[in-house]
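Q: I would like a close look at one part of this model, with the surroundings taken in where they help. Please go through it carefully and connect the pieces as you go.

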Amino acid sequence: MDDKTILVVENNALNMNLVRKLLTVGQYRMIEAPNAEKGVELARLRQPDLILMDLQQPGMDGLTAARLIRQEPG
């Protein structure tokens, strides 16, 4: 799919497994983050084409993480 990369930020293993299967079928490259903090870090480092963010997570919630990512210049 034109080498599109999707960052998935999900703390639930069952949900992550489901998304992984769906994206594999679509032949997307996938980056996985188990929590929002790691998601923000990976978004900065890898600059994915799309981010799928779980909004309700322990620690930093997904909305806060999305705001931080959107503040990045890239």
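Which residues in α2 meet which residues in α3?

A: This is a predicted model, in which local features need pLDDT of at least 70 and side-chain atom pairs count only at pLDDT 80 or more, while totals for chains, interfaces and linings use all residues. Residues are numbered from 1 along each chain as its sequence is written, and side-chain values use heavy atoms, with hydrogens and water left out.

On the α2 side the residues are Ala-36, Gly-39, Val-40 and Ala-43, and they meet Ala-65, Leu-68 and Ile-69 of α3, contact being heavy atoms within 4.5 Å. By type, the residues of this contact divide into six nonpolar, one polar and no charged; here Ala, Val, Leu, Ile, Met, Phe, Trp, Tyr, Cys and Pro count as nonpolar, Asp, Glu, Lys and Arg as charged, and the others, Gly among them, as polar. Helix α2 covers residues 36-46 and helix α3 residues 62-70, helices being DSSP runs of H or I with at least four residues and strands runs of E with at least two, numbered from the N terminus. The two helices pack at an angle of about 15 degrees with their axes 9 Å apart, which makes α2 roughly parallel to α3. The axes are lines fitted to C-alpha atoms over the stretch in contact, angles run from 0 to 180 degrees between N-to-C directions, and those under 35 degrees count as roughly parallel.

The burial of α2 fits into the same picture, with Ala-36, Gly-39, Val-40, Leu-42 and Ala-43 buried, a word that stands for under 20% relative accessible area, with exposed being over 50% and partly exposed in between, for a 1.4 Å probe and protein chains only. What covers these buried residues of α2 includes α3 together with the strands β1 (5-9), β2 (29-33) and β3 (50-53).

At the N-terminal end of α2, Asn-35 acts as a cap, with a side-chain oxygen 3.3 Å from the backbone nitrogen of Glu-37. Ala-36, which belongs to α2, is buried with a relative accessible area of 0%. Leaving out residues up to four places away in sequence, Ala-36 touches Val-9, Gln-57, Met-60, Asp-61 and Ala-65. Its C-alpha atom is separated by 6.0 Å from that of Gly-62, although the two residues are 26 residues apart along the chain.

One of the residues that Ala-36 touches, Gln-57, has its place in the loop between β3 and α3 and is buried, with a relative accessible area of 8%. A polar atom of the Gln-57 side chain lies 3.1 Å from the backbone nitrogen of Ala-36, and the side chain of Gln-57 also reaches the backbone oxygen of Asp-54 at 2.7 Å. A polar contact is a pair of N or O atoms within 3.5 Å, one able to donate a hydrogen and the other to accept it within protein, and residues adjacent in sequence count only if both atoms are side-chain atoms. With residues up to four places away in sequence again set aside, Gln-57 touches Val-9, Asn-11, Pro-34, Asn-35, Ala-36 and Gly-62.

Pro-34 sits in the loop between β2 and α2, and beyond four places in sequence it touches Glu-10, Asn-11 and Gln-57. Between Pro-34 and Ala-66, which are 32 residues apart in sequence, the C-alpha to C-alpha distance is 15 Å.

Just after α2, Gln-47 takes a positive phi of about 45 degrees, a positive value in a residue other than glycine. Gln-47 is part of the loop between α2 and β3 and, at 54% relative accessibility, counts as exposed. A positive phi, here of about 60 degrees, is also found at Gln-27, again not a glycine. Gln-27 lies in the loop between α1 and β2, and with a relative accessible area of 62% it is exposed.

Among the strands that cover α2 is β1, and Thr-5 of β1 counts as buried at 9% relative accessibility. The side chain of Thr-5 makes a polar contact with the side chain of Arg-29 at 3.4 Å, and beyond four places in sequence Thr-5 touches Arg-29, Ile-31, Pro-48, Asp-49 and Leu-50.

Methods. Parallel < 35°, antiparallel > 145°, perpendicular 65-115°, else oblique.
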